[in-house]
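This report covers a ligand site and the cysteines of one model. The sequence and structure come first.

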Amino acid sequence: MSSTIERSYNEAKELYARHGIDVDQALEQLAQIKISMHCWQGDDVRGFLFRDQDLTGGISVTGNYPGAARTPDELRSDLERALSLIPGKHKVNLHAIYADTDEKVDLDELKPWHFEKWVQWAKEQGLGLDFNPTLFSHEKSSDGFTLSHPNADIRQFWIDHCKASRRISAYFGEQLGQACVTNVWIPDGFKDVPVDRLSPRRRLKESLDEIFAEELNPAYHLDAVESKLFGLGSEAYVVGSHEFYMGYGLQNNKLICLDAGHFHPTEVISNKLSSLSLFAEGILLHVSRPMRWDSDHVVVLDDELLEIGRELVRGDLLAKTHIGLDFFDASINRVAAWVIGTRNTIKALLRALLEPIEVLKQAELSGDYTTRLALTEEFKSYPFGAVWDYYCEKQGVPVREQWLAEVKAYEQDVLLKRGG
Ligand SMILES: C[C@H](O)[C@H](O)[C@@H](O)C(=O)CO
Ligand SMILES: [Mn+2]
């Protein structure tokens, strides 16, 4: 441990302690929080099953930075590199299209063994896994509908895919000894104003009922459902709206997934956590950064990220919240994108853990809003950075921007040697 880092840490600790904040305890708590790092930042959401398929479903990746992973081995190598620069032990979130197999297999026939290499790798790395059925970038979703499709055969294909995904998830959980969260997101919706809003939602509800009929052990597998306001090509109406999944999730004890980019542009998910926590079985977050639309920019340490962290900590919601990331930017180094977004998410949690929460709550309760504002503002310039640096050093990852040199070296040695 460098003496400068330790000295700054001890000085910071002393300042926080004056407000009753135990910094060592905060760091212990932080080390327990797992972030689910999404594999799809590494290859622009292409996956390995259908390499020739364009990305569909109303989501889009822009940029042509060199070095996207082309194989499961390359993706794992990139993930390892990113994770080696991020403090803590985390999870990796896979989509079904990331199956690692030479077999020609369609989505409805996927089995746990198609992911065996991922499981072995996760064991070696001490990681958890999360999962997602992939209901886009496939010929059977080419008209934009899947689980709510009017054609029963197409619906059945997607139902079978989701059933298969849940079994894969339960296998991940059993093998890794921790629950795998499996999140259903579908792109279904209309570009223009529909005549019948109800029937697709009724079909989606029936499909979900069939998918979730099989009981699986919650110690190994948890279901989540993700809503969306609009997508590219589904501007007028999305079948799986927030109200739809909020209703479905509450009635059926499913985790409700809140993606930061899936609401009206001025709406924030931080303000939804407290309400949901009172009623929902649990919450899944897709931490993302929408810029004017659901653009999935890499998350930065902005007001909303800090507020998400505060809500989780102040409301003691960490135990019922699964924190996942969902961004994909192909205009910058993809390993750096993971590192920046994941480190920022952890920083936001640390910032929240270093606030005088009880003092602030008391001030609010007694109507002393002056103290509330004064303290929250002053705490913004408390020496959080010294605690963060110490945490990184203690966890054996680069301090401050030192990680960037490692990513640049990896880019030279590995990423730039990959073909297109
Ligand atoms: C690839 C993801 O499943 C996808 O981003 C989904 O979670 C979403 O947010 C769609 O807008
Ligand atoms: Mn999402």
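How far does a polar side-chain atom of K228 lie from an oxygen atom of ligand 1? In this predicted model, the distance is 2.6 Å.

## Polar contacts of ligand 1

Besides K228, two acidic side chains have a polar atom close to an oxygen atom of ligand 1: E226 at 2.7 Å and D259 at 2.9 Å. The protein covers 100% of the 300 Å² of accessible area that ligand 1 has on its own.

## Shell and cavity

Around ligand 1 there are 13 residues, of which H95, E226, K228, H262 and D326 come nearest. By residue class, the shell contains five charged, three polar and five nonpolar residues. Both E226 and K228 thus appear in the nearest group and also place a polar side-chain atom at 2.7 Å and 2.6 Å, respectively, from an oxygen atom of ligand 1.

As for the space that ligand 1 takes, this is the largest cavity.

## Cysteines

The number of disulfides in the structure is zero. C39 is one cysteine without such a bond: the nearest cysteine sulfur belongs to C180 and is 12 Å away, whereas a disulfide requires two cysteine sulfur atoms within 2.5 Å.

Is C39 buried or exposed? C39 counts as buried because its relative accessibility is 0%, and the cut-off for buried is under 20%. C392 is likewise buried, with a relative accessible area of 0%.

Notes. Residues are numbered from 1 along each chain as its sequence is written. Chains are lettered from A and ligands numbered from 1 in the order in which they are written. This is a predicted model: local features need pLDDT of at least 70, side-chain atom pairs count only at pLDDT 80 or more; totals for chains, interfaces and linings use all residues. Side-chain values use heavy atoms; hydrogens and water are left out. Buried means under 20% relative accessible area, exposed over 50%, partly exposed in between (1.4 Å probe, protein chains only). A residue is near a molecule or strand if one of its heavy atoms lies within 4 Å of it. A polar contact is a pair of N or O atoms within 3.5 Å; within protein, one must be able to donate a hydrogen and the other to accept it, and residues adjacent in sequence count only if both atoms are side-chain atoms. Accessible areas come from the Shrake-Rupley method with a 1.4 Å probe; for residues, only the protein chains shown count as cover. On a 1 Å grid over the protein atoms alone, a cavity is a set of points where a 1.4 Å probe fits but cannot get out, and a pocket is an open set with protein on both sides within 12 Å along at least five of seven lines; lining residues have an atom within 4 Å of a point. A molecule sits in a cavity or pocket if more than half of its atoms lie within 2 Å of its grid points. Ala, Val, Leu, Ile, Met, Phe, Trp, Tyr, Cys and Pro count as nonpolar, Asp, Glu, Lys and Arg as charged, and the others, Gly among them, as polar.
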